[in-house]
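Let's take a walk through this one, starting with the overall fold and then zooming in on a couple of residues.

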Amino acid sequence: MNIEERAAAAAELKATGKCNCTQSVVKVFEDKLPISVETLMKLTAGYAVGMGCMESTCGALIGAVMVFDVPQVLTDGKGTPRISKELVQSFENRCGATICKDLKGIGTGKALCPCPECVRNAVLSLGEVLGE
């Protein structure tokens, strides 16, 4: 599965309500991660509605960083902080923010990026940073 297919599958998981934003991102990389799907779903269950229930980091972005942070699988442990920063910047460029409440327009009434698109953009940002 290429990165565009992974992004589309992740957006579909979120849009259909099968997974939260974090789960949607990590689930489409289950073939690359040495963790069972059941464990992945449990590890990512608490990040629904942005970390801190919309007051903090978007769950889709958290999921992308989680996928990246299995260094022996994807990156051989090289440059994790630097690449995480690049991932955050790429996501913000695509979505307009990294904080869930800002992305959803809580307080402004103007959503910057709907959740399925945040999920898609998190996967695409991860692909960009990994050179896929």
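There are eight helices and zero strands here, so read from one end of the sequence to the other you get α-α-α-α-α-α-α-α. Both labels are DSSP runs numbered from the N terminus: helices are H or I with at least four residues, strands are E with at least two.

Before going on, some housekeeping: this is a predicted model, where local features need pLDDT of at least 70 and side-chain atom pairs count only at pLDDT 80 or more, while totals for chains, interfaces and linings use all residues. Residues are numbered from 1 along each chain as its sequence is written, and side-chain values use heavy atoms, with hydrogens and water left out.

Now the overall shape. The C-alpha trace spans about 40 × 30 × 25 Å along its principal axes. Its radius of gyration is 13 Å, which agrees with the value near 14 Å that a compact globule of 132 residues would have; the radius is taken over C-alpha atoms, and the globule rule is 2.2 Å times the number of residues to the power 0.38.

As for packing, 43% of the 132 residues count as buried, meaning under 20% relative accessible area, with exposed being over 50% and partly exposed in between (1.4 Å probe, protein chains only). Take the contacts (heavy atoms within 4.5 Å) with a separation of 6 or more: residues 24 or more positions apart account for 60% of them.

On the outside, the protein exposes about 6,500 Å², and carbon and sulfur atoms supply 53% of that; the areas come from the Shrake-Rupley method with a 1.4 Å probe, and for residues only the protein chains shown count as cover.

Time to zoom in. Glutamine 23 sits in helix 2, which covers residues 21–27. Is this glutamine 23 buried or exposed? Glutamine 23 is buried, at a relative accessible area of 11%. Its side chain reaches the backbone oxygen of methionine 41 at 2.9 Å. Setting aside residues up to four places away in sequence, glutamine 23 touches Met41, Thr44 and Ala45.

Next, hop over to valine 37, which is found in helix 3 (residues 37–44). Valine 37 is partly exposed, with a relative accessible area of 32%. If you ignore neighbours within four places in sequence, valine 37 is in contact with Lys27 and Glu30. Its C-alpha atom is separated by 16 Å from that of lysine 14, 23 residues apart along the chain.

Notes:
A polar contact is a pair of N or O atoms within 3.5 Å; within protein, one must be able to donate a hydrogen and the other to accept it, and residues adjacent in sequence count only if both atoms are side-chain atoms.
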